[in-house]
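Visitor: I would like to learn how the features of a structure such as this one are read, beginning with its strands and ending with its charged pairs. Could you show me the model and take me through it step by step?

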Amino acid sequence: MLSLAYLARRLFAAAVTILVAVSLNFVLFRVLPGNAVTHIARIPNASVEMRRALEAKFGLDKPIWEQFLIYLREMAHGNLGISYANRQPVLDNLLEAFANTIPMVATGVVLALGLGLVVGTIAASRRNGPADHLLTGSAVLAYAFPTQFLGLMMVILFSGLLPAAGMADPFLISDSWWEVAQDRILHMILPVTTLVLTLYAENALITRSSMLETLGEDYILTARAKGVPRRRIILRHALRNALLPIVTMSALSLGSIVSGAILVEVIFSWPGIGRTLYEAVLNRDYPMLQGGFLAITVVVTMLNLTADLLHFVLDPRVRA
Amino acid sequence: MTAEQSSALPREPLLRVENLNVTYGSHDPASRARIQVLHDVSFDLMPGERLGLIGESGSGKTTIASACMGLLAPSAEVSGRIFLEGRDILEKGEASIAPHRWKDIAMVFQGAMNAFNPVRSIGWQIAEAMEVQDMPRGRFGVQRVGELLELVGIPAAQAASYAHEFSGGMRQRAMIAMALACSPKVLLADEPTTALDVMVQRQVLDLLVDLSRKLELGVILVTHDLGVVAETCTRAVVMLQGRNVESGTTKELFHRPRHAYTAQLLKASPGYEARAREGAGDEPPVAAASRAPVLAVEGLIVSYPQRPSLRQILTGSRPEPRPVVNALDLSVAPGEIVALVGRSGCGKTSTLQSVMRMQPASGGRILFEGQDITALQGRALRRVRRDIQMIYQDPYESLDSRFRVVDTVMEPLHIHRIGHNRAERMALVREALERVGLTPVDDFLRRFPHELSGGQRQRVAIAAGVVLAPKLILADEPTSMLDVSIRSGILDLLVGLCRDGGMSVLMITHDLSIAASYADRIAVMHEGRIIEEGPALRVALEPQAEHTRDLLAAIPRVDPGPVVIAH
């Protein structure tokens, strides 16, 4: 019963967050100087009548709360507006961009998380030994590299060996699904590697410090006194406790990855959400930006909700 | 000493520690970084015997326990011998102790709060101890976990619970159950009851004595509390700075201490009987009734909101807040020390926080010098806070580790804009440090908390309150984290501040004997109410309420009973 209440509270909080974000999203673009009409009506000799007619056509003559209600109603029906740039519905553009981004970013994030966990755990369990120094040192080094520098180095070093632009070979015409898949995977290698290198270090360092803190707890001493072997102490006692802060941290950083992949996507010309937003900014494509921000908010909220639910599974203290 | 014991107990000792030396730091004997924490410690433990290991923090008592378990830090250098049933288990270092861990020697740790893994069930952790020692697992294992829990008085069905679902006392019992999982012969209990309130302490100690008799278990009880030793142990060893300064049967040790340190420890242990004999507490030192009280609490209610259940969320109703303090009346006269005594969870800390206005009151009034401060805000509240200062339980936590003593004591002056320049403030800081007995002041001003002992830290914390010349000091268990011999110094200081400084003290404690030894008046609190109130010694010697009597009965007495052999 109580645990259901916990779930209900979390879901409610997520819904409120999204609603607030939606409202802010509406206000933000109304606060900006000028509107769609001033943009279009900037032609010479534009009469006042023409501006009025345009405002009526776009519904901008209505009171602001009515505009807000219309905005909410249309959004509920999946209408996020039309992109200025390519005259396509924003929703379709976003869905396509996300579909391109998710395989690349998800692969990179999962690999980075796994690598970070393993590296951090090994470093913590061999604290101050040569393995720790090597692993921690290289993690700090990787963490210090800016994404764009690392990405460009990848392009320079490997562009002959591996495809360094786009997500598919435009000239590949093949009926064999295997060849298509192979082509996709080859295109993914460089951007994913860049992403993993920039992300794993943070995970590794967090895991290491969280692990070290956990290893200093009293219950680890109890386990040692019980005669539990070292390996089992780390895997069964320490890791599960050390995971709790890692889950929260990585959910937060995962959210920023959606937009943070911008650099990687621009460098490798990956037609994903990051590059779409980047181009929307360049083109002042407001509906596209508005939709993109909304999508990112929803994704981040969902990821945090997932982290809360994971906590629920991992930590009995939350369950009570 | 050994001859005496072997004649009294003809059996072979279960555990014999011989010339145990432990050194930390540099391997170079001449180096200053080399610290010897144990010097030639020797003692025996018989089957079914309970041996008390008495000492203050830093005396090396926990190091002895860790050495027996092979849990010393890798940098420790160990010499000497530890015989378990005649075999030297220290011969090859940790490698030769490891096979005996938990199977022959098990340990109950201090502060069972953190000794259990929070994300694994209690039953899982007990079963793990058996599993790694190749004891039966599966259905038989589950059954044994249940039996062990029943043995310490916990229903077997609770095995699936987690540590946070247990109270402090239950956790310590579960810890004992886990220690017994592999039927050890020796049980090391390191301050097993320090964090528990007196009534729970009594239950856990009774359990330990009972188990030791029933299972022929040799128990080593590490503690700083002489009362605990007097009530549970047959023999005791007194440790001072890593040396075994005295050992013998508890009765001999307590009635005819041979070493000056033992005598000093015995003197430092609170005994309000002595105060009663001196007749000090009969009349209140100040004419309390004649003057208006500094603090008057009238019908105070403090309640905490409960988390709503799903149904309550859906129906939009709020759960009833749970009152922790329920219609409490209390007053403190000028120059008076009032002790608020009660078990943990009775609402005494909530009361104190409410007086400090850190926890809003849900009902009732708090009058400070006749002014209703229950709803004061902003500047007026800050003015009143200057006159009410708080001293916390743990001086290791309450001082900022990056603040020098002078910064800690001067900070309140800055906050309340007292003194026109640094020199004026400095003079006040010096005066405050002198009043709390940190002299010569110049030695202490520039020190960081880690360069101070526990007692000195608490004095700094008190100085930071006293520097504002408050009218009322609130003290939350001011001595429970400190060693016995330091306690009396801190409590004497508080008494002195009241007698000479015109301050009043409202102190909370779970230890009625401390309250009876130092306070003018005692208010006994139970489930959010005051159930008994009166002059300190009257409450302690002629308790009216049943709960007060229970609290008194639970305090371990230092007197181990009459000596059988005549002088």
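Guide: Let us begin with terms: helices (H or I, at least four residues) and strands (E, at least two) are DSSP runs numbered from the N terminus, and two strands pair if DSSP finds at least two bridges between them. This is a predicted model, in which local features need pLDDT of at least 70 and side-chain atom pairs count only at pLDDT 80 or more, while totals for chains, interfaces and linings use all residues. Residues are numbered from 1 along each chain as its sequence is written, chains are lettered from A and ligands numbered from 1 in the order in which they are written, and side-chain values use heavy atoms, with hydrogens and water left out.

Visitor: In what order do the six strands of the open sheet in chain B lie?

Guide: Strands of a sheet pair through backbone hydrogen bonds, either parallel or antiparallel. Here the order is β16-β17-β18-β13-β19-β20 of chain B, with mixed pairing. Because β16 (388–391) and β20 (529–535) of chain B each have a single partner strand, they stand at the edges, and one side of each is left without a neighbour in the sheet. On average, neighbouring strands are turned by 20° against each other, direction ignored, where axes are lines fitted to C-alpha atoms (for helices over the stretch in contact) and angles otherwise run from 0 to 180 degrees between N-to-C directions.

Visitor: In which sense do β13 and β19 of chain B pair?

Guide: Strand β13 (residues 337–341) and strand β19 (residues 521–526) of chain B are joined in the parallel sense by four bridges, and Leu340(B) has Ala523(B) in β19(B) as its bridge partner. Helix α23 (residues 546–554) of chain B packs on the sheet, in contact (heavy atoms within 4.5 Å) with β13, β19 and β20 of chain B, and its direction makes about 100° with that of β19(B).

Visitor: Turning to single residues, is Asn203(A) buried or exposed?

Guide: The classes rest on relative accessible area, with buried under 20%, exposed over 50% and partly exposed in between, using a 1.4 Å probe and protein chains only. Asn203(A), in helix α8 (residues 177–215) of chain A, is buried at 10%. Leaving aside neighbours within four places in sequence, Asn203(A) is in contact with Ala112(A), Leu113(A), Gly116(A) and Ser250(A). By contrast, Phe149(A) in helix α7 of chain A counts as partly exposed, at 37% relative accessibility.

Visitor: How many salt bridges are there over all chains, and which residues pair with Arg232(A)?

Guide: Side chains of opposite charge can pair when their charged atoms come close; a salt bridge is a side-chain nitrogen of Lys or Arg within 4 Å of a carboxyl oxygen of Asp or Glu. The whole structure has 28 salt bridges over all chains. In one of them, Glu128(B) pairs with Arg232(A), the closest N and O atoms being 2.8 Å apart. This pair crosses between chains, from helix α4 (residues 122–132) of chain B to helix α10 (residues 230–267) of chain A. Glu128(B) is buried at 1% relative accessibility, and Arg232(A) is buried at 16%. Glu131(B) also forms a salt bridge with Arg232(A), at 3.5 Å between the closest N and O atoms, and Glu131(B) is partly exposed at 26%.

Visitor: Which parts of chain B are tied together by Asp387(B) and Lys471(B)?

Guide: The side chains of Asp387(B) and Lys471(B) meet in a salt bridge of 3.5 Å, N to O. Asp387(B) lies in helix α14 (residues 378–387) and Lys471(B) in the loop between α19 (454–466) and β17 (472–476) of chain B, so the pair ties together parts that are 84 residues apart in sequence.
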